[in-house]
Every structure is written in C-alpha cells, then in structure tokens.
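Hi everyone, thanks for making the time. I'd like to walk you through a structure that is probably new to most of you, so just follow along on the screen.

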Amino acid sequence: MAVMTITEAQVWTWLEDVPDPEIPVISIVDLGVVRGVDVAGDQVKVTITPTYSGCPAMAIIAMDIETALAKQGVTDLQLETKIAPAWTTDWLSDKGRARLEGYGIAPPQTAGGPARCPRCQSDAVEKISQFGSTPCKAQWRCQSCLEPFDYFKCI
Amino acid sequence: MQHLFEFLLRQGDNALVLGHRTSEWCGIAPALEEDIALTNTALDLIGQTQLWLGYAAEVEGAGRSANDLAYLRDAYDFRNLLMLEVPNEDFGRTLMRQFLFDAFQVPWLTALQNSADQRVVEIATKSLKEATYHLDRSAETVVALGDGTADSNARMQAALDYLWPYAGELFADDETDRAMADVSIAPLPSGMRPAWAAAVEDTAKAACLKLPESDFAHSGGRTGARHTEHLGHMLAVMQVLQRSYPGAVW
C-alpha cells in the first residue's frame with residue numbers, strides 16, 4: 001500500500017467541508033475560525049480561534065475537526081486554540097458572506113447595520129435588539145416585508 | 001508573581017461575578033429580546049473569565065484550573081468589585097451597573113492592550129471588542145430608561161444612587177496595582193477616572209439623571225478584605241454542583 005502523503009492544501013479542503021455548528025450553511029474556514037494548518041509528516045496541526053470568547057460552539061468545532069480529519073486518515077492531530085490576533089468579521093470569506101445572506105442572515109457591514117433585508121432586499125430596516133440567537137448576531141426587522149431577521153454583528 | 005496572580009484574579013472575578021449575576025436574568029427578563037441580550041452579555045463575560053482565570057491558574061502554578069478557581073474558592077478568596085456582587089434588584093439597576101462597569105472596562109482594556117505581558121495584551125484585545133459592544137447597549141438603555149417615563153426615570157435614579165457609593169472602588173489603587181504599574185503590566189486604575197467620569201457625566205445628562213455628589217466609596221471587594229453579605233449567597237447557587245458533587249464533569 002502506498003504511503004499517504006498529507007498536504008496542507010488537502011487539509012484546508014477537508015476543513016472547508018466542516019460546517020459551523022450554529023450556522024451550518026457556512027464552513028469554519030469561511031467563518032475565519034481556522035487560522036492555520038501545519039503538516040509535518042503524518043502530524044497535522046490545526047489552529048483555531050473563537051469568534052467570541054464565550055462562544056459555546058468551540059468545543060463542538062474542535063470535535064467536528066477531529067472527526068472530519070480522522071475520516072481522511074489523519075491519526076496524529078494537534079488542535080491549538082489561540083485568541084490573538086482576535087477574530088474579526090473581516091475574515092469572513094466572500095463565499096461565506098453570500099451564503100449567510102442566502103440563508104437569511106444579513107452579512108456584517110462596517111457601517112454597523114445590515115445593508116438590506118436578506119429576504120426582500122429592501123434597505124428600510126430597523127434594529128430590534130443588539131443581540132440575537134448566538135453571540136455573533138443581532139436582531140433586525142425589515143420595515144417593507146415586516147419580517148424579522150438575524151444580522152451578523154460586525155466586529 | 002503573587003501580584004500578577006492577584007491582578008489576574010481581579011480581572012477574572014469581575015467578569016465571573018458580573019457574568020453570573022447577569023445570567024440570573026435568563027428566562028425572566030422583561031422582554032424576550034432583553035432576555036437574549038442579557039444572556040449573551042453573560043456568555044461573553046463567562047468567556048472572558050475563562051481567559052483571565054485560565055492565565056491566573058497558570059501563573060499560580062499550583063495545579064489549579066480556571067474551573068477550580070471559579071467553583072472551589074470561598075467568598076473571601078474572590079477579588080471582584082463589590083458593585084458587581086450586589087443583587088440585580090431590577091432591570092434598571094442591572095443595566096445601570098453594566099453601564100458603570102462598561103464605561104470603566106473600555107478605557108481599561110484599551111490601556112491593557114499596551115501591557116508588557118503578552119498574554120494580558122491578547123486577553124484585553126479579545127475582551128475589548130465585546131466590552132465596546134456591551135457599552136453601546138448599556139449606555140443606550142440607560143438613556144432610554146432614564147429619559148423614559150416618570151417611573152423608569154425614578155428607578156434609574158434610584159439605581160444610580162444605590163450604585164454610586166460602590167463605583168469609587170474601581171479607582172482605589174493599592175499595592176498590587178502599584179506593583180503592576182511598576183512593571184508596566186497595567187496602568188493604575190485611578191488613571192481611568194477622567195475617561196470614566198466624562199462618559200458617565202455625558203450619559204447621565206442624556207438620561208436626565210443627577211449624579212450623586214458624595215464621593216464616599218465602599219471598598220474591600222477587589223482586595224478580598226470585606227465582601228458584602230451577598231457574595232456568599234451568590235456563590236452558594238453558582239458553586240452548588242461542584243460543592244455537592246466534587247469533580248463532577250459532563
């Protein structure tokens with residue numbers, strides 16, 4: 001049997017398939033939670049960072065990474081969590097932003113509020129609450145279609 | 001090392017005690033949106049607790065973890081501000097306290113980003129993003145309620161009057177603070193007073209609230225010398241699982 005050689009690019013591709021546990025339409029790579037992949041022989045080191053310091057999804061994300069890489073034959077995995085540089089919504093990929101919007105979550109804007117309603121595209125929107133169903137989201141409402149929606153906080 | 005450990009306990013215990021008090025609103029806040037906002041704020045604070053107490057445990061080097069420090073210390077070993085341990089009372093006092101604390105945390109964590117200790121820099125930078133967001137909300141809510149109805153104004157004024165004698169402890173420098181300042185790990189808390197006072201005055205004015213004139217300040221929380229009677233009761237609830245089932249995990 002040929003000896004499998006793992007490359008860093010391969011690991012990144014595998015991690016692209018690991019969904020965020022709370023927003024399953026985007027991957028942990030699109031979310032910017034995966035900060036680094038280092039491969040040395042059979043050993044794979046993955047560095048992750050929390051979105052918010054109390055994000056309860058971190059333990060699940062770590063478990064999902066282990067499971068996903070184990071399926072690909074990675075047996076020697078080292079998972080490291082680091083908090084610096086601090087996670088920012090600037091790390092959300094364009095693909096991730098588009099998928100959030102398609103899912104009904106308005107992507108973050110530096111202006112501090114959603115650009116438009118993710119359902120009807122109206123720009124007449126108002127804030128309901130600065131916090132939402134997860135630490136990374138706030139609640140907004142569309143004044144045109146009247147639907148409430150989540151907005152991904154810009155930090 | 002002892003001073004660094006004390007300093008880290010103060011940061012961690014502030015976050016932990018306020019985080020726990022805030023979490024007491026889970027399921028009983030006046031509106032669903034506020035319930036969600038309060039519990040998310042609590043979650044941020046508990047996350048910050050893990051970072052500060054995790055580092056404190058490493059610095060102590062006695063084999064304790066952040067969980068051990070949170071769940072297996074008694075009231076006299078806690079180093080949080082007295083203001084953060086007093087009961088929530090009502091929504092107004094809860095938000096007023098959050099505001100008075102946030103207005104300190106933002107300049108404080110901003111200053112800690114220049115700490116000589118790299119771990120402190122990292123934790124402060126991470127926490128500052130959350131504190132800034134908390135301040136936006138707490139200041140906005142203090143103004144909305146202060147400049148609201150006669151009843152909400154009276155409640156916010158009562159909250160401010162009640163909390164005011166506790167606020168001075170934020171700026172009471174002691175030996176640990178001077179030791180941290182000497183090695184550039186943290187500035188003296190007293191140096192934060194002008195920025196804090198300016199923010200508090202602006203917000204109180206917009207909220208139609210009158211700042212109390214007395215500068216009497218309770219103390220004893222951040223040194224651990226004398227907590228209020230309330231902390232023990234709070235810990236009895238917060239620590240009950242580890243006290244009843246030592247070492248329980250899930």
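I'll start with the sheets in chain A, then pick out a couple of residues there, and finish with salt bridges and a surface patch in chain B. One thing before we go on: this is a predicted model.

Okay, chain A, and the sheet built from β1, β2 and β3. In what order do the strands sit? They go β1-β2-β3, the sheet is open, and the pairing is mixed. The edges are taken by β1, residues 34-40, and β3, residues 76-81, and each of those pairs on one side only. From one strand to the next, the twist averages 15 degrees.

Quick reminder for anyone who hasn't looked at sheets in a while: strands pair through backbone hydrogen bonds, and they can do that either parallel or antiparallel. Here, β1(A) and β2(A) are antiparallel, and six bridges join them. If you want to find β2 on the screen, it covers residues 43-48 of chain A. One pair to look for is A:Val34, whose bridge partner in β2(A) is A:Ile48.

Now the helices that go with this sheet. Helix α1 of chain A, residues 8-16, lies across β1 and β2. The angle it makes with β1(A) is about 140 degrees. Then we have helix α2 of chain A, residues 58-71, which lies across β2 and β3. For that one, the angle to β3(A) is about 160 degrees.

On to another sheet in chain A. This one is open as well, with four strands in the order β4-β7-β6-β5 and mixed pairing. Which strands stand at the edges? Those are β4 and β5 of chain A, and because each has a single partner strand, one side of each is left without a neighbour in the sheet. Between β5(A) and β6(A) there are four bridges, and the two strands run antiparallel. A:Val125, for example, stands opposite A:Cys142 in β6(A).

Let's stay with β6, because there's a lysine there to look at: A:Lys137, in the strand that runs over residues 137-142. Is A:Lys137 buried or exposed? Its relative accessibility is 4%, and the cut-off for buried is under 20%, so A:Lys137 counts as buried. Leaving out residues up to four places away in sequence, A:Lys137 touches quite a list, including A:Ile23, A:Ile105, A:Phe131, A:Asp150 and A:Tyr151.

A:Tyr151 comes up again with our next residue, A:Gln109, which touches it along with A:Arg97, A:Pro114, A:Ala115 and A:Cys154, again not counting residues up to four places away in sequence. Where is A:Gln109? Look in the loop between β4, residues 105-106, and β5, residues 125-129, of chain A. With a relative accessible area of 23%, A:Gln109 is partly exposed. And for a sense of distance, its C-alpha atom is 20 Å from that of A:Val29, which is 80 residues away along the chain.

Right, salt bridges. Over all chains the count is 19. I'll show you a few from chain B.

Take B:Glu6 and B:Arg79 to begin with: their closest N and O atoms are 2.8 Å apart. That pair links distant parts of the chain, with B:Glu6 in helix α1, residues 2-23, and B:Arg79 in the loop between α3 and α4, 73 residues apart. Both B:Glu6 and B:Arg79 are buried.

B:Asp90 and B:Arg155 also form a salt bridge, at 3.5 Å from N to O. Here too distant parts of the chain are linked: B:Asp90 is in the loop between α4 and α5, B:Arg155 is in helix α7, and 65 residues separate them. B:Asp90 counts as buried at 16% relative accessibility, whereas B:Arg155 is partly exposed at 44%.

Then there's B:Glu60 with B:Arg64, at 2.8 Å from N to O. B:Glu60 has a relative accessible area of 27%, so it is partly exposed, and B:Arg64 is partly exposed too, at 32%. There's also a network of salt bridges, which links B:Arg10, B:Asp174, B:Asp177 and B:Arg222.

Last stop, the surface of chain B. B:Val240, B:Leu241 and B:Tyr245 make a nonpolar patch of about 340 Å². B:Val240 lies in helix α11, residues 240-244, and at 44% relative accessibility it counts as partly exposed.

That's my tour, thanks for listening!

Note on methods. Residues are numbered from 1 along each chain as its sequence is written. Chains are lettered from A and ligands numbered from 1 in the order in which they are written. This is a predicted model: local features need pLDDT of at least 70, side-chain atom pairs count only at pLDDT 80 or more; totals for chains, interfaces and linings use all residues. Side-chain values use heavy atoms; hydrogens and water are left out. Buried means under 20% relative accessible area, exposed over 50%, partly exposed in between (1.4 Å probe, protein chains only). Contact means heavy atoms within 4.5 Å. Two strands pair if DSSP finds at least two bridges between them. Axes are lines fitted to C-alpha atoms, for helices over the stretch in contact, and angles run from 0 to 180 degrees between N-to-C directions. Patches are made of residues with over 30% relative accessible area and no salt bridge: like charges are joined within 9 Å, nonpolar side chains (Val, Leu, Ile, Met, Phe, Trp, Tyr) within 5 Å. Accessible areas come from the Shrake-Rupley method with a 1.4 Å probe; for residues, only the protein chains shown count as cover. A salt bridge is a side-chain nitrogen of Lys or Arg within 4 Å of a carboxyl oxygen of Asp or Glu.
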